[in-house]
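Student: Before we look at any detail, could you show me how to read the features of a model like this one, taking a general idea and then a case each time?

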Amino acid sequence: MDNIVLQVKNLNVYYGSKKVVSNLNIEIFRNYITAVMGPSGCGKTTFIRTLNRMHEFTPNAKAEGSIILNGQVLDKMDPILVRRRIGMVFQKPNPFPTMNIHDNVIAGYILNGIRMKKSDLNAIVEDCLTKAGLWEEVKDDLYKKGTFLSGGQQQRLCIARALAMQPDILLLDEPTSALDPIATAHIEELIVELKKDVTILLVTHNIAQAGRVSDYVTFMYLGELIEYGTAEQMFTAPENEKTNKFLTGAIG
Amino acid sequence: MNNFDTDKHFKFRKLKNKVFKYFLYFLSSLSIIPLILIIVHIFKNGISAININFFTSLPKPVGESGGGILNAIVGTSMLVMIASVMAIPVGISTGVYLNEHRKNRLSYYIQLSAEVLQSIPSIVIGIVAWIWIVLPMGHFSALSGGIALGIMMLPTIIKSTEETLKLIPHSLKEASLALGVPYYKTILKVLLPASLSGIITGILIGIARIAGETAPLLFTAFGNPFLNFSINKPVASLPLLIFNYATSPYDDWHKIAWGASLVLITFIFTLNIFTRLFTKKYKVKF
Amino acid sequence: MLKENIKLLRKDFISYTILIDRMISESARGVLGNSENLMKNVIENLEKEANEEELIIEEKCINIIAKYEPKAADLRLVLMIFKINNDLERIADHTVNIAESGLYLVKKNFTLYPESFPLLVKNVSRMYHDSIDSFLQSDSALAEDVLKKDSTVDRLEYLMVGKIIRHLQGKEDRVKEYINLERIVRNYERIADLATNICEDVIYIDKAKVVKHHKDES
């Protein structure tokens with residue numbers, strides 16, 4: 001199917017002997033925002049980290065099952081290529097402290113040693129910063145260090161950096177949990193804007209945020225995918241009792 | 001009800017506070033007095049020996065006046081360079097390894113050895129270098145001295161590299177890995193640049209430490225009254241020269257020893273100040 | 001996000017008020033001009049449309065509240081649209097009642113409408129327009145005007161019903177026609193009531209003040 005960008009079948013993830021994600025099946029739709037909700041420790045972060053194979057850096061982590069990205073089996077791809085196709089933004093803004101704003105955006109090119117014409121790189125910088133809603137704010141300070149920006153701006157810089165690799169999917173791991181409400185609102189607007197360019201998977205423990213931003217919502221509990229549906233359906237009439245309890249604050 | 005403000009007891013307590021405060025001031029300033037005395041003393045005795053000639057000429061035989069310490073300056077520079085070439089790559093790599101594998105057995109032993117190495121008396125390191133290098137080679141050499149100093153420098157560099165890397169948020173490494181940057185490039189291009197200031201500080205402190213070492217050089221670099229640029233031959237060094245001249249019975253040599261002390265102390269002092277400035281200026285903000 | 005969704009909801013809501021307006025005016029023109037086509041259109045087509053549209057708006061309101069948790073003025077707006085939406089659907093039902101009774105009267109060739117009947121229709125349509133306008137322009141002064149007009153309509157209805165009862169004496173063969181006429185008048189009065197409900201809601205959105213049952217006077 002053309003509108004399915006990512007297909008996960010029978011995914012099990014273990015940390016040592018502990019099962020963190022069990023038998024997870026899901027299909028992610030192209031150019032939509034899918035929120036992954038659940039109480040802390042439900043395996044949602046682990047789940048999205050397996051999607052770009054970042055779990056391989058965690059000692060003892062092991063994933064079973066198949067993940068198919070645009071018809072290609074993820075396990076058979078080079079992990080480095082996987083991470084370029086599936087970008088990731090983390091909880092805490094993490095721009096490279098030794099680089100200026102300009103270089104931070106194209107850090108993926110610089111660090112990977114991809115050589116391009118200077119004018120092309122500048123175009124990428126402007127394009128991605130514009131998409132991340134940061135261009136107007138930083139266009140005169142492109143050669144200053146990224147760490148002098150505010151938290152929200154730093155996070156948008158990180159989003160621009162991920163966009164620069166032109167990923168198919170962007171994984172956002174609680175991208176606003178370290179930000180104040182106004183910066184959070186900015187990022188949320190940005191996420192909604194971005195869905196026309198990229199498919200977004202948003203991990204959040206903030207129910208309200210999942211509601212505001214997402215088109216599809218999944219609810220995970222104790223490593224299992226409990227329910228998956230449109231945001232409207234999940235927020236007005238969830239089918240599963242556990243989802244209902246979570247949304248009404250009875251669990252989590 | 002008691003009025004505490006006019007209470008006699010209260011006034012006494014205030015007095016006690018004050019006394020204690022000045023007592024602290026006094027004790028803490030006590031610790032810088034030896035340093036000041038040493039510097040003043042060396043300066044007073046050494047300044048008269050210092051002139052251009054002192055830096056550009058070789059020592060003269062006993063009885064002739066004048067003469068300089070060029071051989072020792074060159075020798076110390078060579079020793080520091082050899083030590084750095086040996087210790088910096090090994091030290092940084094070890095530090096990176098320790099930071100990357102915090103919980104495994106090998107890193108536990110490496111850490112332990114680094115700590116033990118740091119506490120081994122320098123004379124012992126000198127003897128070991130003598131057994132390992134001087135004996136097989138059959139003669140004293142700058143190389144053996146440099147290696148002995150390098151071994152002394154190693155723990156400082158390992159520790160400072162590891163400590164600075166520890167301060168770098170894990171998220172930074174993840175940011176790079178998530179961009180598809182391979183592991184080795186992540187370490188070389190992201191982690192090391194971000195911890196550069198700490199690593200360089202460690203190197204400078206290490207140099208400051210070995211520049212003044214005498215003991216390990218007694219059996220290795222040995223000393224040399226002539227100018228030598230070969231790492232295969234014995235070389236002079238500042239601390240060795242000071243040791244030899246100061247223990248000699250000649251007044252002229254005593255004077256040169258004072259001058260050399262002044263040079264050495266100034267060098268180490270500048271290195272320390274430079275380290276401070278460097279850390280302040282290039283400290284990476286996360 | 002929230003703002004855009006509220007904008008879209010408002011747009012849907014406006015087209016719904018236009019549909020209801022069309023139902024009021026087509027049923028009125030049908031009754032006054034004895035036009036079967038117009039009345040049939042209201043009964044057969046427009047009512048279905050109105051029912052569907054009501055469900056869509058209701059769902060949108062619920063989704064906005066569930067997903068975006070609107071606060072303050074936004075919350076009041078969504079809640080009021082949710083309520084007014086319900087009122088509008090009832091107005092649609094009343095226009096269907098009017099059209100049904102009108103159709104019956106046309107079939108029976110009954111034309112004995114009281115002479116103040118067009119005035120009633122005009123007043124009620126005007127009240128509906130004004131209530132919707134006051135909502136769209138958040139004009140609570142206009143809404144308060146509409147509240148005042150309600151008594152005029154009540155008086156007209158009262159007089160007309162009295163007249164109908166008097167006409168009924170001695171014309172037992174036309175009871176059904178008169179009952180239908182009374183039904184039309186009563187339904188207009190109900191529409192006027194619903195218009196005043198809307199106006200009360202408008203005042204609530206605008207001033208966050210409940211004027212229902214004259215709470216502010218106590």
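**Reading loops, sheets, helices and a pocket**

Tutor: Let us begin in a loop, with F222(B), which sits between α11 (215–218) and α12 of chain B. Keep in mind throughout that this is a predicted model.

Student: What is the sign of phi at F222(B), and how should I read it?

Tutor: Most residues other than glycine have a negative phi. F222(B) is not a glycine, yet its phi is positive, at about 70°. With a relative accessible area of 44%, F222(B) is partly exposed, since that class lies between the 20% limit for buried and the 50% limit for exposed.

Student: Where in chain A is N60(A) placed, and is N60(A) buried or exposed?

Tutor: N60(A) belongs to the loop between α1 and β4 of chain A, and its phi is near 75°, a positive value in a residue other than glycine. N60(A) counts as exposed because its relative accessibility is 62%, and the cut-off for that class is over 50%.

Student: Let us turn to sheets. What is the strand order in the open sheet of four strands in chain A?

Tutor: For any open sheet, establish the order of the strands and then look for the edges. Here the order is β2-β1-β4-β5 in chain A, and the pairing is antiparallel. The edges are formed by β2 (18–29) and β5 (72–73) of chain A, each of which has a single partner strand, so one side of each is left without a neighbour in the sheet. Helix α1 (residues 44–51) of chain A packs on this sheet, where it touches β1, β2 and β4 (61–69) of chain A, and its direction makes about 120° with that of β1(A).

Student: Which residues stand opposite one another along these strands?

Tutor: Strand β1 (residues 4–15) of chain A is joined to β2(A) by eight bridges, the two running antiparallel, and V13(A) stands opposite V21(A) of β2(A). Between β1(A) and β4(A) there are eight bridges, again in the antiparallel sense, and the bridge partner of L6(A) in β4(A) is L69(A). L69(A) also stands opposite Q72(A) in β5(A), where β4(A) and β5(A) pair in the antiparallel sense over two bridges. These two strands, β4(A) and β5(A), form a hairpin with two residues between them, and N70(A) in the turn has a positive phi of about 50°.

Student: How does one describe the open sheet of six strands in chain A?

Tutor: The approach is again to take the order, the edges and the pairing in turn. The order is β6-β7-β8-β3-β9-β10 in chain A, with mixed pairing; β6 (86–89) and β10 (224–230) of chain A are the edge strands, each pairing on one side only. From one strand to the next, the twist averages 20°. A parallel pair is found in strand β3 (residues 33–37) and strand β8 (residues 199–203) of chain A, over four bridges, and V36(A) has V203(A) as its bridge partner in β8(A). Helix α8 (residues 181–194) of chain A packs on the sheet, touching β3, β7 and β8 of chain A, with its direction at about 145° to that of β8(A).

Student: Why can I trust that helix α13 of chain B has the span its residue count implies?

Tutor: The test is to compare an expected span with the distance between the end C-alpha atoms. Helix α13 (residues 251–282) of chain B has 32 residues, which at 1.5 Å a residue should span 46 Å, and its end C-alpha atoms are 46 Å apart, so the two values agree. Its buried residues include W253(B), L264(B) and F278(B), and what covers the buried residues includes α2 (32–46), α3 (52–56), α10 (196–211) and α12 (238–246) of chain B.

Student: Which residues lie nearest the centre of the largest pocket?

Tutor: For a pocket, read the space and then the lining. The largest pocket holds about 610 Å³ of space, and among its 19 lining residues F57(A), P59(A), E100(B), H170(B) and K173(B) lie nearest the centre. The largest share of the lining, four residues, comes from α8(B).

Student: Finally, which chains touch?

Tutor: Two pairs of chains touch, and the most contacts are between chains A and B. No contact joins chain B and chain C, whose closest C-alpha atoms lie 29 Å apart.

Definitions and conventions:
Residues are numbered from 1 along each chain as its sequence is written. Chains are lettered from A and ligands numbered from 1 in the order in which they are written. This is a predicted model: local features need pLDDT of at least 70, side-chain atom pairs count only at pLDDT 80 or more; totals for chains, interfaces and linings use all residues. Side-chain values use heavy atoms; hydrogens and water are left out. The expected span of a helix is 1.5 Å times one less than its number of residues. Buried means under 20% relative accessible area, exposed over 50%, partly exposed in between (1.4 Å probe, protein chains only). Contact means heavy atoms within 4.5 Å. Two strands pair if DSSP finds at least two bridges between them. Axes are lines fitted to C-alpha atoms, for helices over the stretch in contact, and angles run from 0 to 180 degrees between N-to-C directions. On a 1 Å grid over the protein atoms alone, a cavity is a set of points where a 1.4 Å probe fits but cannot get out, and a pocket is an open set with protein on both sides within 12 Å along at least five of seven lines; lining residues have an atom within 4 Å of a point. Grid points are joined across faces, edges and corners, and a volume is the space filled by probe spheres set on the points.
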